[in-house]
Amino acid sequence: MTMADDKNKSTQAERLVQLRRDKGLTAEQLAQAMTQQAQKSVAVLSRIGSVVLMALCHLTTNASTHFRLQRRLPVTRRTKKRQ
């Protein structure tokens, strides 16, 4: 662990202590509040991930279907008649 890491952790701890005092919370109450907020964040990220996954599956399915349809259609070329 570097000195910078120690300083960052110390600064973060000081901010948490100040937050706890400002809100009038015990350390346990602050820990519970932070845990609840983290759980909410994970739930939101999970929902976002599900939506993105569904969209990717939809796009993949559509692209695959489009590609299969293109392969089944006969290739025709139109040429202009020369005069």
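1. Start with burial. Of the 83 residues in the chain, buried ones make up 1%. Keep in mind that this is a predicted model. The accessible surface of the chain is about 8,300 Å². Carbon and sulfur atoms account for 58% of that surface.

2. Next, the fold. The chain has two helices and zero strands.

3. Take helix α1, residues 3-23. Does its length fit its residue count, or conflict with it? The helix has 21 residues, and at 1.5 Å a residue these should span 30 Å. The end C-alpha atoms are 30 Å apart, so the two values agree. After α1 comes G24. The phi of G24 is positive, near 70°.

4. Now look at L16, which lies in helix α1. Is L16 buried, exposed or partly exposed? Its relative accessibility is 28%. Buried means under 20% and exposed means over 50%, so L16 falls in between and counts as partly exposed.

5. Which residues does L16 touch, once neighbours within four places in sequence are set aside? L16 is in contact with L30 and M34. A31 is 15 residues away from L16 in sequence. In space, L16 and A31 are 9.8 Å apart, C-alpha to C-alpha.

6. Turn to helix α2, residues 27-72, where V52 lies. V52 has a relative accessible area of 44%, which is not over 50%, so this residue is partly exposed.

7. V52 also belongs to a nonpolar patch on the surface. The other members are V44, L45, I48, L56 and L59. Together, the patch residues have about 560 Å² of accessible area.

Definitions and conventions. Residues are numbered from 1 along each chain as its sequence is written. This is a predicted model: local features need pLDDT of at least 70, side-chain atom pairs count only at pLDDT 80 or more; totals for chains, interfaces and linings use all residues. Side-chain values use heavy atoms; hydrogens and water are left out. Patches are made of residues with over 30% relative accessible area and no salt bridge: like charges are joined within 9 Å, nonpolar side chains (Val, Leu, Ile, Met, Phe, Trp, Tyr) within 5 Å. Accessible areas come from the Shrake-Rupley method with a 1.4 Å probe; for residues, only the protein chains shown count as cover. A salt bridge is a side-chain nitrogen of Lys or Arg within 4 Å of a carboxyl oxygen of Asp or Glu. Helices (H or I, at least four residues) and strands (E, at least two) are DSSP runs, numbered from the N terminus. Buried means under 20% relative accessible area, exposed over 50%, partly exposed in between (1.4 Å probe, protein chains only). The expected span of a helix is 1.5 Å times one less than its number of residues. Contact means heavy atoms within 4.5 Å.
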